[in-house]
Structure formats: C-alpha cells, structure tokens
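Take a look at the structure below. This report walks through some of its helix packing and its salt bridges.

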Amino acid sequence: MNTLQSLVLPNLHVPASEDMSLRLNDRAWARLDAGCVEFDTGGVASTDTFYNGLSVGAWQRRCALATLSLVVAGVGDFVLRIGLHRSGQASLWLAEHALSLAEGAPVELPLPAWPTLADGMLFWTLRARRPGRLDGAAWVTADAPRQPVRLGIVITHFNRQQQVLPAIERLRRTLLQRPDLQPHITLTVVDNSGNLGLEPGPGVEVIPSRNLGGTGGFMRGLLALKDGGAHTHALFMDDDASCEADAIARTFALLRHATDPGLAVCGALLREAAPWQLLEKGARFDGQVRPLSPGLDMRRVDHLLEAERVTVRPDYGAWWFFAFPIGEVKAYPFPFFVRGDDIHFGLANRFRIATLNGVACLGEDFSVKHSPMTAYLDARYHLVLALRAGGKARSGVSWVASRLFVKQLSAYHYSSARAVALAVRHVLQGPSFFNEHIDLAAVRAEIASWQPDEKLRPIDRSAYQARPPRQGREGRGRRLLRLLTLQGFLLPDALLKNRMTLQDKAFHGRAGAVFRYRSVLYEHQPSGTGYVAVYDRPRFFAELRGFIRLWRELLRRLPA
C-alpha cells in the first residue's frame, strides 16, 4: 500500500486551532504531547477539516486512482463512518464499520465507492463504544506510483538559527527518518549567513553561500540538486518550515501518482495571527498580485469546499512552499535578491500548478512586514516585470506610481515613498545595476541610514489620544477636495486638525481617513507595536518633486 495522506493531529509544533485537524466532542481530547486522541465512552472525532479531509477532486483529476482504503490504528471498540461533503449538495454517508482496535494491529478498510466519486471532501468519524485511543490513520492506495520521484527540499537560511534548527530537527524526525520516505526525500540548507552551525548528516546537506538573498540561496540549492543528478523534483520552503510535516509527505505522494509528470504543487498561506484564515491558495499576476481564495475560514466545511473549487489556475507558486519538476525549469529567476523572484520564476517557466487543502504554511501578514526596504523591493520587481510585459508596460509602470508611490506619500510615509523613487532610479540604470549590486548591500545600507520613522516599536497605547479611523464611504466632494489640495498639503495650517488619528498597520494608510490630521498612529495591535507618522509639508513636496523628475525620465525612455 502507498500512503496518500496521514492523519494530522493537534500538536505543539505548528500553531493552529484544534478544529483545523479534528472536530471533537466533550468526551474526546487530543494529547498534544503524545500524538494521539483519548476517548471516553461516547467520544467522537471527525476529520472533515482542513488538514484531514481528503480532496476527492484534486486526487481524482490529478492522479486517476483506481483504489482507496483507510488504515486506522489505536486501541478500543469504535464505530467508524466514512462520509462525503459536497458543495451545494447534501452530505452522504458511504460506509459504516464496527472496529475493535488492538495495539500494533492497524485495520484496513477499503472504500469500494471510490471510483464513482468525482468531487467533494472525503472524511470519517470515529465514535467510541468504550474508553479507547486513536494513534493514527492514513488514506492509502494499492495503485503503484506512476513515476519515480526523488524530492529535494531546499531551505535558504539567514540569521534565523532559533527558528531553522528546531525546524530541521523536526523534518529529520518526521520525514527524513521515515522508512518509506527516507530513500526519496532529502534536505539541502543553503546558509547565506554562514553561521548556522549545522552539521551535514544522512539526507541533509549544508551549503555555505554568499548572501544573495532568497533568490541566490534557492538557486544555489536548485543547482546543487540539478548537478547531483539524483533528484527529480525540488521543494522550496521558508527557513522556519512552518508547516505540518505531512504537507510535504502528501505533496510527494501527489507528485508520484500524478498523471502529468510535469505537475508542480503550490502550498497555501495561512495567517499566523489567525491560523484558520486563508491569505492565499496560489496567486495570479497580471501586473499586480491577485491572491486566490483570500479570507476564507478553514474551520468551515463550506469554505473548505470553496477553496478546492478550481476556477482559476495559479500563475506561480510562492517560495514559502513550492514543489516543481527540475526538468521543467527552462529559465532561472531574475536576480531580485528577494520579492518578485518567485513570480518571475513561475511566469518564465509556466508550471502546471496544483493546490491542495492541508498543504499550507503559516506566515506573518505581508502588510506587517512593510517598510521602506520592502517598498523599494516591491516597486523594483513590479517595474521589471512591467517592462517584460511589452505592450502592457505603460499600465504596469503607471500602477507603480499611482499605487506604490502616491499611496505612501499621501499617508505620511515619506521614507517608503522615497524608496519607491529609489527603485525607479535603479531600474533606469538597466541590467548593469543588477549585476553590480547583486547582493544589494549598498542599497540596504543606504535605506537603513534614512530616518527610521516607519519602524514598528513597542508602544504604550494609553499614552496616545488617537481618534478611531474614519468609517463609511468617502463622498465625491471630499475626495475631489483631497485631490485638488494634494491630500491637504496645499491647505493653510488653520484648516488642519491638530489631532492624531488611528490606522491599522498595513501596506499603506487610508488616504481618506488621514486627510487633514497632523499625525497618524499606525498600530499593529496583536504585537503591541506601532509608530507615529507626521504631516510634513517640506518632506512631501521634496519627495514629490524628486519622483516626478524620475517618472518623466522613465516614461520618456519607456519605448526603448
């Protein structure tokens, strides 16, 4: 039997609400330390969840499996039911079994109805007839793999020892030492900071490297896999490996059984502060990033079914979790250092990308990470990709001006606005700039030397008397007034409000809510951090004049 996906239990390693893995009544509870579920008589566990529901459509469309069975291990007497949730239709029960489980004697339950299923989410429930324990379970198939897969996990590290070392140890324990996976999965760590202190071992290679960002690190790892000649696929992952280990194992299984040998797999991103909230399940890029299925609640069955509906294919897989066939790589990414490299890699190679519930990473909101440095990186990659778009270049570069520059400037983020202008200046220098500044050391030093007015710091919220943000839709008259007065910077001082308003930390402030306030408190409430941005007329016009000069030059040279 070949395992497709194993039961993911609530644990201490990956933060998530319990109902992302199991739905338990008050007579069943998960042992976070022991990796099992304990039952009193009448205890019920159900797997119609993000991590444990089996996505019928994804496996049937991608793999055309002929057989499917459920293997259950534990101790005690249970009644097990297998069911199917379907979007917009009633749920079905497909089978019921009375089980007597004994230590070390897993029970296999074939599912004869499997070939007739086309879509929906397969799940099972377990009800205890007396006290017992569930140790594990897995969906398996008797179908032989369609192609050999040797998967090389590539992690790029830079000064995150406290995160990456425990993550690597967890991958060793849960994946690299599993007898069924040991011959097929390896780990390559590219150490961009040269200070990880990790010794190579069975299945683990460590490559010291110059710091060329995520782009350079991941490409160094990919070249090592390619030159070694033993791997068929690569999996790029964040250096904290903030995903369930079975996400990697079921990605490996999907690639092995796929009817398309060129299939790639993109992991979803869950919001770290609210691990049930889906930030994206793949994305498209048309000059702007368009996340797929954002905002869905992965605790809800209807949202789980919605997330698996395939209406739009992703253009690229973000490098927090992206597995792809090495043989399909025809172009390496543009040397962006970070930001935009994964988009370019996906667009240039046109991978055929699948997504799957349960294959996901946890990540911090990108808006929280926003700073002048990320504003520079975002503007630079948007400009380069816009220039590659040929006839659509003008609309792409105009979006950088209207969105990335103007929105920063109008929200009193003068350093971020200056960073966007710096990106324009550097792109105007052409490919030579990227060759000469491949490590971005000089750029990072320059931006770091600027006034640190957008840096999140711990704040005492009670020390600020900030008015709540303006609610409701902005009227046309007020919006016109903002435009005619350049966001109030042409107004006399007497018409400004000598008060502070509050904004959630995001990519930029809401210009309509900031209008006429002397200062804005940008707050990230979950971390208790924030900073104050201040109305500054001289800085506003200085940044605006500098940007307009650069913008004219860019538009003049755009045809070339």
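What follows covers three helix pairs, one buried residue and several charged pairs.

## The model

This is a predicted model. Every value below is computed from it.

## Helix 2 and its cover

Start with helix 2, which spans residues 161-176. Its buried residues are Val164, Ala167, Ile168, Arg170, Leu171, Arg172, Leu175 and Leu176. What covers them? The cover includes three strands: strand 12 (151-157), strand 13 (185-191) and strand 14 (204-208). Helix 4 (245-257) is also part of that cover.

The packing of helix 2 on helix 4 has an angle of about 45°. The two axes lie 10 Å apart. With that angle, helix 2 is oblique to helix 4. Their crossing is right-handed. Helix 2 brings Arg170, Leu171, Thr174 and Leu175 to the contact, and helix 4 brings Ala245, Ile248 and Ala249. Sorted by class, this contact holds 5 nonpolar, 1 polar and 1 charged residues.

Arg170, Leu171 and Leu175 thus appear among the buried residues of helix 2 and also in its contact with helix 4. A general point about helices helps here. An α-helix has 3.6 residues a turn, so residues three or four places apart point the same way.

## Helix 8 and helix 12

Next come helix 8 (residues 372-388) and helix 12 (residues 441-448). They pack at about 135°, and their axes are 9 Å apart. Why is this pair called oblique? Angles over 145 degrees count as roughly antiparallel and those from 65 to 115 as roughly perpendicular, so helix 8 is oblique to helix 12. Helix 8 passes helix 12 in a right-handed crossing.

On the helix 8 side, the contact residues are Pro372, Met373 and Tyr376. Facing them in helix 12 are Val443, Arg444 and Ile447. The class count is 5 nonpolar, no polar and 1 charged residues.

Helix 8 also holds Asp378. Is Asp378 buried or exposed? Its relative accessibility is 10%, so Asp378 counts as buried. Leaving out residues up to four places away in sequence, Asp378 touches Arg339 and Leu404.

## Helix 10 and helix 15

The third pair joins helix 10 (residues 414-428) with helix 15. Helix 15 covers residues 537-557. The packing angle is about 25°, and the axes are 10 Å apart. That makes helix 10 roughly parallel to helix 15. The crossing is left-handed.

Which residues meet? Helix 10 offers Tyr414, Ser415, Arg418, Val420, Ala421, Val424, Arg425 and Leu428. Helix 15 answers with Arg539, Phe540, Glu543, Phe547, Leu550, Trp551, Glu553, Leu554 and Arg557. By class, the contact has 10 nonpolar, 1 polar and 6 charged residues.

## Salt bridges in helix 15

Some of these helix 15 residues also form salt bridges. Arg539 pairs with Asp453, at 2.8 Å from N to O. Arg539 sits in helix 15, while Asp453 sits in the loop between helix 12 and strand 24 (457-458). The pair therefore ties together parts that are 86 residues apart in sequence. Arg539 is buried, with a relative accessible area of 18%. Asp453 counts as buried too, at 18% relative accessibility.

Arg557 and Glu553 make another salt bridge, with their closest N and O atoms 3.7 Å apart. Both residues lie in helix 15. They are 4 residues apart, about one turn of the helix. Arg557 is partly exposed, with a relative accessible area of 38%. Glu553 is partly exposed as well, at 26%.

## Other salt bridges

How many salt bridges are there? The count comes to 29 salt bridges. One of the salt bridges links Asp286 with Arg290. The closest N and O atoms of that pair are 3.2 Å apart. Asp286 is exposed, at 54% relative accessible area. Arg290 is partly exposed, at 39%.

Salt bridges can also join into a network. Arg31, Asp33 and Glu38 are linked in this way.

Notes: Residues numbered from 1 in each chain as written. Predicted model: local features only at pLDDT ≥ 70, side-chain atom pairs only at ≥ 80, totals over all residues. Heavy atoms only, no water. Axes fitted to C-alpha atoms, helices over the stretch in contact; angles between N-to-C directions. Helix = DSSP H or I, 4+ residues; strand = E, 2+ residues; numbered from the N terminus. Parallel < 35°, antiparallel > 145°, perpendicular 65-115°, else oblique. Left-handed = near helix turned anticlockwise from the far one by under 90°. Contact = heavy atoms within 4.5 Å. Nonpolar A, V, L, I, M, F, W, Y, C, P; charged D, E, K, R; others polar. Buried < 20%, exposed > 50% of the residue type's maximum accessible area, 1.4 Å probe, protein only. Salt bridge = Lys/Arg side-chain N within 4 Å of Asp/Glu carboxyl O.
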